[in-house]
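Here is a short report on one protein model. It takes up charged pairs, then sheets, then packing.

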Amino acid sequence: MSHEMLTREIGASGISASAVGLGTWAIGGWMWGGTDVDRSIAAIHASIDEGISLIDTAPAYGQGVAEEIVGKALKGRRDKVVLATKCGLVWHSQQGNHFFDYEGKPVHRYLGKDAIIYEVEQSLKRLQVECIDHYITHWQDPTTPIEETMEALEALKTQGKIRSIGASNTSVADVEAYIAAGQLDAIQEEYSMVRRDIENTLLPVCQKAGVAALSYSSLALGLLSGKMTPERVFSGDDQRKDNPRFSMANRKKVAALMETIRPIGAAHGATPAQIVIAWTLQQPGITFSLCGARDAQQASENAKAGRIRLSAEEVSLIDRNAKTHLSGLDA
């Protein structure tokens, strides 16, 4: 792992960041069984110390909790980080589409101009910054034309409040509409060895248009971490508790795949999780891999994956083994 940290561009924005990014959903605590502020700040600091410059957060991660923690952690380190956050999941308004309830209160998908202008100010305050490097529509709002959303985002860019524009959880039609309405720099979508559907849908559209792709859940919520034993028990509001992807049958299939990855890891002085992240970054069309971490050790381990370069033979061997062991996996 003697290579430099891999860095890549966010679309046509001119912004360059580490190919491995830190995702902070778990840091917000919501759906992950609570949060620990000091441990979370240590995870962010460890990421930066290991060469990660891309940090991704969102207001929805604990209704502002993750953004506030990121803000505290970046004191004195802001210049080392490309900061991404999101808009479009709102609880200050009931416009748009009802999406879910959080602690008994409704959260709506809404990307109207008024809400975006309100949301960016809230995020800037929580993050204690003057500008957000990459601003992403978190979930798409079928009640607002994408042209209106893009108009608001382009205005924020002109005002210097954001530097680039992204969209998450999109369809091909959404991405095409964003590209037609302005400068879309990146999409952010779930992608991993167990969830590869965007290879045939969104990625070809993005590659053609020069739009970067940030993959989230590269380790499939920990399923591909190499630590997910069949014996593991989930508690509290941990979303994995009733998730069919974490069925005993799935865990056994993944464990068998991990055994085939271990020798490749050994050759690189790396863990299976690091090899999975490195594999993700070498898939056509995938620009960045966002990896969650809840403590300094996890953060440091994930970051080191950005220094691994797998050979073409290793990538194709992993592909073949993934096809063998992951066929018929419960989604």
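With which residue does Lys227 form a salt bridge, and how far apart are the closest N and O atoms? The partner is Glu301, at 3.1 Å. The model is a predicted one. This pair links distant parts of the chain, 74 residues apart. Lys227 sits in the loop between β12 (212–216) and α7 (248–268). Glu301 belongs to helix α9 (residues 296–304). Glu301 counts as buried because its relative accessibility is 13%, and the cut-off for buried is under 20%.

## Salt bridges

The count of salt bridges comes to 17. Side chains of opposite charge can pair when their charged atoms come close. Three of the pairs are set out below.

| Pair | Closest N to O distance |
|---|---|
| Arg163 and Asp133 | 2.8 Å |
| Lys227 and Glu301 | 3.1 Å |
| Glu154 and Lys157 | 3.8 Å |

Arg163 and Asp133 also link distant parts of the chain, 30 residues apart. Arg163 lies in the loop between α4 (146–158) and β10 (165–168). Asp133 lies in the loop between α3 and β9. The two partners can be told apart by accessibility. Asp133 is buried, with a relative accessible area of 4%. Arg163 is partly exposed, at 42% relative accessibility.

Glu154 and Lys157 pair within helix α4. They are three residues apart, so about one helical turn separates them. Glu154 is partly exposed at 23% relative accessibility. Lys157 is partly exposed too, with a relative accessible area of 23%.

Some salt bridges share partners. Glu190, Arg195, Asp197 and Arg245 are joined into one network in this way.

## The barrel

Eight strands close into a barrel, and their pairing is parallel. The order is β3-β4-β5-β9-β10-β11-β12-β13. On average, neighbouring strands of this sheet are turned by 25 degrees against each other, direction ignored.

Strands β3 (residues 20–23) and β13 (residues 288–292) pair in the parallel sense over four bridges. Gly21 has Leu290 in β13 as its bridge partner.

Ser289 is also found in β13. Is Ser289 buried or exposed? Ser289 counts as buried, because its relative accessibility is 0%. Its side chain makes a polar contact of 2.6 Å with the side chain of Ser218. Beyond its neighbours within four places in sequence, Ser289 is in contact with Ala19, Val20, Gly21, Ser215, Ser218, Ile277, Thr280 and Leu281.

Helix α3 (residues 113–127) lies across two barrel strands, β5 (82–87) and β9 (134–137). The helix runs at about 140 degrees to β5.

## The open sheet

A further three strands form an open sheet in the order β6-β8-β7. Here the pairing is antiparallel. The edge strands are β6 (89–90) and β7 (97–102), and each pairs on one side only. Between β6 and strand β8 (residues 105–109) there are two bridges, in the antiparallel sense. His108 in β8 is the bridge partner of Val90.

## Nonpolar packing

How many residues does the largest nonpolar core have? The answer is 85 residues. Those with the most contacts inside this core are Ile44, Ile55, Tyr135, Leu184, Met193, Leu224 and Leu310. Helix α8 (residues 272–281) gives the most to the core, with seven residues. A second core of 10 residues is separate, and includes Ile15, Ala17, Leu214 and Phe288.

Leu184 shows what surrounds one of these residues. Residues up to four places away in sequence aside, Leu184 touches Met150, Ile165, Gly166, Ala167, Val175, Tyr178, Ile179 and Val211.

Leu156 is found in helix α4. Leu156 counts as buried because its relative accessibility is 2%. Its contacts, residues up to four places away not counted, are Ile116, Val120, Tyr135, Lys161 and Ile162. One of these, Tyr135, is among the residues with the most contacts inside the largest core. The C-alpha atoms of Leu156 and Gly104 are separated by 32 Å. Along the chain these two residues are 52 residues apart.

Technical notes: Residues numbered from 1 in each chain as written. Predicted model: local features only at pLDDT ≥ 70, side-chain atom pairs only at ≥ 80, totals over all residues. Heavy atoms only, no water. Core = buried A, V, L, I, M, F, W, Y, C linked by side-chain atoms within 4.5 Å. Buried < 20%, exposed > 50% of the residue type's maximum accessible area, 1.4 Å probe, protein only. Contact = heavy atoms within 4.5 Å. Pairing = 2+ DSSP bridges. Axes fitted to C-alpha atoms, helices over the stretch in contact; angles between N-to-C directions. Polar contact = N/O pair within 3.5 Å; in protein donor to acceptor, adjacent residues only side chain to side chain. Salt bridge = Lys/Arg side-chain N within 4 Å of Asp/Glu carboxyl O.
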